[in-house]
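Subject: Handover of a structure

Hello,

I am handing this structure over to you. Please open it first, then read the notes below.

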Amino acid sequence: LARYTQDSFSSDREDVALERKFDVARTGASVFVHSIKNQLLANRVLCKRIRAELQSGSPDPARLEACIDAISESNELLIARSEELYRTVKAKSVRLVPVGLDRLEEVTLLRFRQKYPEGRVESRMDHGLQVLADENYLSEALYNLLTNGWEATVEAGREDAPVELLSHQERLYTVLEVRDRGTGIPPKELKHIFEPFYSGKNSNFNWGMGLYHVRTIVRSHLGSIRVENRPDGGTSFLILLPRYGAQRAGGKGGNKT
């Protein structure tokens, strides 16, 4: 009985280790596939612009060159992110280290501009704060929330209203919030939006994995995510991360794009 118990314990421990490795690999694959899909869709938009310019009566060389430069930059970004994601998955862990919100803001907005150069974002992140995070994964989650928020705002016909990226401190948490000016989420859909393959967009290009993928990343950071419909219209997504350390020197930041 003792030998059986010991063998069962060893087997269970190996199963737990394998399951953790699988979870990390699954998270990495989810990040990789979703980010590649978004970047390829952005490249499709650039290709359409090039085609439209070529079909016009007098193509503008400057516009063509700008689109080609954007595609070239996008391809380099795809290569860099692929290598970065591969290293993270190969290491079999999400690496949580102190990351300043200023750096997180910079990487997130850079990714957003790659897809929506003309999209409007107003950022009010406290640059004096740090969180324990994997910069690559957490910025990917925020980027997805910003992208969803901007698409909801455009769909509601409010392109003049920016999506907001905010941070604030609660007792035990650092809260990262993304607010949009869309039409909100119907109550019957709220409990389903984080499910895999659930999407209310009914499009071949929206697989319903975005918010599930965001939730997976947040949970790997020992955090949680909440969603609320705002009284004045739109939606707020709140990422709650365990509070880390004291505020750094540098004060509050702010950025508009």
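Let me start with one residue. Leu238 is buried, because its relative accessible area is 12% and the cut-off for buried is under 20%. Please keep in mind that this is a predicted model.

Leu238 sits in strand E7, which covers residues 235-242. Leaving aside residues up to four places away in sequence, Leu238 touches His168, Val175, Leu176 and Glu177. Ser224, Ile225, Arg226 and Glu228 are also on that list. Ser167 is 71 residues from Leu238 along the chain, yet their C-alpha atoms are separated by 9.3 Å.

**The whole chain**

The chain has six helices and eight strands. From the N terminus, the order is α-α-β-α-β-β-α-β-β-α-α-β-β-β. Of its 257 residues, 40% count as buried. Take the contacts between residues at least 6 apart in sequence: 74% of them join residues at least 24 apart. The chain exposes about 14600 Å². Carbon and sulfur atoms supply 53% of that area.

**Helix H3**

Helix H3 runs over residues 101-115. Does its length come out as expected or not, and what is the span? At 1.5 Å a residue, its 15 residues should span 21 Å. The end C-alpha atoms are 21 Å apart, so the two values agree.

Several residues of H3 are buried, among them Leu101, Leu104, Val107, Leu109 and Phe112. The buried list also includes Glu105, Thr108, Arg111, Gln114 and Lys115. Two of these residues come up again below.

**The aromatic pair**

A search of the whole structure finds one aromatic pair. Phe112 and Tyr116 form it, and the pair is tilted. The ring centres are 5.9 Å apart, with 50° between the planes. Phe112 is buried, at 0% relative accessibility. Tyr116 is partly exposed, with a relative accessible area of 22%.

**Salt bridges**

How many salt bridges does a search of the whole structure find? The count is 11. Side chains of opposite charge can pair when their charged atoms come close. Here are three of the pairs.

Arg111 pairs with Glu140, and the closest N and O atoms are 3.0 Å apart. This pair links distant parts of the chain: Arg111 lies in helix H3 and Glu140 in helix H4 (residues 135-155), 29 residues apart. Are these two partners buried or exposed? Arg111 is buried, at a relative accessible area of 6%. Glu140 is buried too, at 1%.

Glu164 and Arg124 meet in a salt bridge of 2.8 Å, N to O. They too link distant parts of the chain, 40 residues apart. Glu164 belongs to strand E4 (residues 163-169), Arg124 to strand E2 (residues 121-124). Glu164 counts as buried at 6% relative accessibility. Arg124 is partly exposed, with a relative accessible area of 36%. Both residues belong to a network of salt bridges that also links Glu122 and Arg181.

Arg63 forms a salt bridge with Asp60, with the closest N and O atoms 3.8 Å apart. Arg63 is exposed, because its relative accessible area of 53% is over the 50% cut-off. Asp60 counts as partly exposed, at 29% relative accessibility.

**A nonpolar patch and helix H6**

Which residues form a nonpolar patch on the surface? They are Leu96, Leu132 and Leu222. Together they have about 270 Å² of accessible area. Leu96 is in the loop between helix H2 (61-90) and strand E1 (97-100). Leu96 is partly exposed, with a relative accessible area of 32%.

Leu222 comes just after helix H6 and takes a positive phi of about 65°. H6 itself covers residues 210-220. Its buried residues include Gly210, Leu211, Tyr212 and His213. Val214, Ile217 and Val218 are buried in H6 as well.

**Where to look first**

Start at Leu238 in strand E7. Then go to H3 and find Phe112, which pairs with Tyr116. From Arg111, follow the salt bridge to Glu140. Next, find the network of Glu122, Arg124, Glu164 and Arg181. Finish at the surface patch of Leu96, Leu132 and Leu222.

Best wishes

How values were computed:
Residues are numbered from 1 along each chain as its sequence is written. This is a predicted model: local features need pLDDT of at least 70, side-chain atom pairs count only at pLDDT 80 or more; totals for chains, interfaces and linings use all residues. Side-chain values use heavy atoms; hydrogens and water are left out. Helices (H or I, at least four residues) and strands (E, at least two) are DSSP runs, numbered from the N terminus. The expected span of a helix is 1.5 Å times one less than its number of residues. Buried means under 20% relative accessible area, exposed over 50%, partly exposed in between (1.4 Å probe, protein chains only). Contact means heavy atoms within 4.5 Å. Patches are made of residues with over 30% relative accessible area and no salt bridge: like charges are joined within 9 Å, nonpolar side chains (Val, Leu, Ile, Met, Phe, Trp, Tyr) within 5 Å. Accessible areas come from the Shrake-Rupley method with a 1.4 Å probe; for residues, only the protein chains shown count as cover. A salt bridge is a side-chain nitrogen of Lys or Arg within 4 Å of a carboxyl oxygen of Asp or Glu. Rings of Phe, Tyr and Trp (its six-membered ring) pair if their centres lie within 6.5 Å; planes under 30 degrees apart count as stacked, over 60 as edge-to-face and the rest as tilted.
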